[in-house]
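Got your viewer open? Grab the mouse and let's go on a short walk, one selection at a time.

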Amino acid sequence: MTDLLRAEWVKIRSLRSFVAGLVLGALGVLYCNVNAVLADGRVARGARVRVGGGVFTNNAHIVVLYIFGCIGAMVVVSEYSSGLIRSTFAAVPARTEVIAAKSIVVTAVTAIAGLVTYVLSFVVTMILAGQHRFPSALLSNPDFQRAMASSVLLFPLSALVGLSIGVLIRHTATTIVTVSVLLVLLPTFVTSEKHAWVNDLHNATPFAAWQGLTLIHRVYLSPPPDITGFANPTVGGCWLVYLLWPLLAVVVALLAIRWRDV
Amino acid sequence: MIEAQELTKHYGRTTAVDRLTFTVRPGHVTGFLGPNGSGKSTTLRLILGLHAPDGGRVTVGGQVFRTHRRGLRHVGALLDATDVHGGRTARDHLAALAWSNGLPRGRVPEVLGEVGLDNVARRRIGGFSLGMKQRLGIAAALLGDPPVLVFDEPFNGLDVAGIAWVRGLFRRLAGEGRTVFVSSHLMSEMAQSADRLVVIGRGTLLADESVEEFAARGAAPSASLEDVFMELTADRLDYLAGGTP
Ligand SMILES: Nc1ncnc2c1ncn2[C@@H]1O[C@H](COP(=O)(O)OP(=O)(O)OP(=O)(O)O)[C@@H](O)[C@H]1O
Ligand SMILES: [Mg+2]
């Protein structure tokens, strides 16, 4: 298996478009977060950056879902569209192992990208907000830690879901559209103030789970009024969504790859 | 050794390969011939387990290829020279294949040298000509030093020197006791490269014999291999210029 991990790593590292995608994703997140801090600063000059406001923005996570979903998808779709997948499977008939190796490498690369992006974002937004002392109290705050972890983990989550959709659909355009609908549009469209099950469905999306995991922190600062009257997502429930999406995605991809002709 | 028994593959209503039985022996260059659309590429994809047969089976060295975990040490294949990602360099493309099969990294410069691509190793494949891609595909097939080699239309896009070189390479590989199976739709090409022939038409077997035996089928003693091939496949052409015969 380590031989395949190495091979997949060479494949990712050797494509400019993947590297460009990672950088683009990171810049997008930085832009959204920095922009939010600057806007915040203008409203209340000198105000300390709220952890739930400045550093973790909705926009940044829409960027993550979309760009990293696409990066994960392109890892397989680029092989199908170029025909490389046939060379790959002629060299490695154990297709399941190939997809497993791709999933592991994609998880590692995007998790590191997420970590680097969020450390950068944190430092930059702190400086812009005029925070010069080392924020040790904040770093040891479990709510902050949870918000940070959920934001970083959204990178590999999106990429694995994208990868799985790529294995199932194979065609570039259709895959990208499906990734956007499933990860980005679904949570915005599936909302209801009347039906509890629609609300549950909404809460089962990665974006809602991420919001849950960071909102809980915001609640801690200033509880928002409960408009809908429905149950709010629990921390455990949100982590379950974080676990189930990539897990199901990878299992489906591993099963699907065995049966179809390439 | 490649053995196909009653091999069958349908695509929707098309029967691409129809109960095909043949054997490709080691130590020979075996030409795989048939008109356009007769099922050559399909058969090669079935051999490599890229497509699953609807009936029958095909084994390489007695084993169904898909049951191997890694393939390059068992079968080297060039199915389509364009089955590469244009954004990678020749070296990275081969390095990924070598790593995937646990082959020593030193094999990459070795095979690049063997096919004459060493000075473009760091260039992106997207800028390669078809002939250069064919050479890269041959390099990939040689990576694992396999006992069985399969090539689909390897002469496409090669210059005269390239064709002569590939012919020499095939003879050398067969001389080393390997199984070399080469498809083509041009008899003239195979006449100079192969010593055995498997001929198919519309997915069914027409001949599986030595070149001499095949030549002896000719009605007139002066008949060329090409004449025999035309005669044999005349009623099994799917795509004919100028309408039906
Ligand atoms: N993936 C596929 N889906 C549907 N039909 C296919 C597929 N691959 C091949 N066919 C059909 O199967 C038949 C055999 O095609 P194949 O490519 O094997 O022929 P070939 O002998 O390699 O021809 P050529 O000399 O032109 O390369 C053709 O009718 C083709 O249209
Ligand atoms: Mg063909």
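About how many helical turns separate A:Trp239 and A:Tyr242 in helix α12 of chain A? Select both residues to find out. They sit three residues apart in that helix, which covers residues 235–259, so the separation is about one helical turn. Keep in mind as you look around that this is a predicted model.

**Stop one: two rings in α12**

Stay with that pair and show the side chains. The ring centres of A:Trp239 and A:Tyr242 are 5.5 Å apart and the planes stand at 85°, so this counts as edge-to-face; the cut-off for that label is over 60 degrees. Now switch on the surface. A:Trp239 is partly exposed, with 29% relative accessibility, whereas A:Tyr242 is buried at 7%.

**Stop two: a buried pair**

Next, select A:Tyr118 and A:Phe155. Over all chains the count of aromatic pairs comes to ten, and these two residues make another edge-to-face one, with 6.3 Å from centre to centre and 90° between the planes. Colour the helices and you'll see that A:Tyr118 belongs to helix α6 (residues 95–128) of chain A, while A:Phe155 belongs to helix α8 (residues 142–169) of chain A. The pair therefore ties together parts that are 37 residues apart in sequence.

Buried or exposed: which is A:Tyr118? It is buried, at 0% relative accessibility. A:Phe155 is buried too, with a relative accessible area of 0%.

Add A:Phe68 to your selection. Together with A:Tyr118 and A:Phe155, this residue forms one aromatic cluster.

**Stop three: arginines over rings**

Which residue lies over the face of B:Trp99? Select A:Arg6 and have a look: A:Arg6 is there, at 4.3 Å from the ring centre. Then hop over to B:Arg167, which lies over the face of B:Phe155, at 6.0 Å from the ring centre.

**Stop four: two helices side by side**

Back to chain A. Show helix α4 (residues 58–82) and helix α9 (residues 172–189) of chain A as cartoons; they pack at an angle of about 155°, with axes 9 Å apart. That angle makes α4(A) roughly antiparallel to α9(A), since anything over 145 degrees gets that label. The crossing of α4(A) and α9(A) is right-handed.

Finally, bring up the side chains where these helices meet. On the α4(A) side, look for residues including A:Ile62, A:Gly69, A:Ala73 and A:Val77. On the α9(A) side, those in contact include A:Thr172, A:Ile176, A:Val179 and A:Leu183.

Key: Residues are numbered from 1 along each chain as its sequence is written. Chains are lettered from A and ligands numbered from 1 in the order in which they are written. This is a predicted model: local features need pLDDT of at least 70, side-chain atom pairs count only at pLDDT 80 or more; totals for chains, interfaces and linings use all residues. Side-chain values use heavy atoms; hydrogens and water are left out. Rings of Phe, Tyr and Trp (its six-membered ring) pair if their centres lie within 6.5 Å; planes under 30 degrees apart count as stacked, over 60 as edge-to-face and the rest as tilted. Helices (H or I, at least four residues) and strands (E, at least two) are DSSP runs, numbered from the N terminus. Buried means under 20% relative accessible area, exposed over 50%, partly exposed in between (1.4 Å probe, protein chains only). A charge sits over a ring if NZ of Lys or CZ of Arg is within 6 Å of the ring centre and within 35 degrees of the ring normal. Axes are lines fitted to C-alpha atoms, for helices over the stretch in contact, and angles run from 0 to 180 degrees between N-to-C directions. Angles under 35 degrees count as roughly parallel, over 145 as roughly antiparallel, 65 to 115 as roughly perpendicular and the rest as oblique. A crossing is left-handed if the near helix is turned anticlockwise from the far one by less than a right angle, and right-handed if clockwise. Contact means heavy atoms within 4.5 Å.
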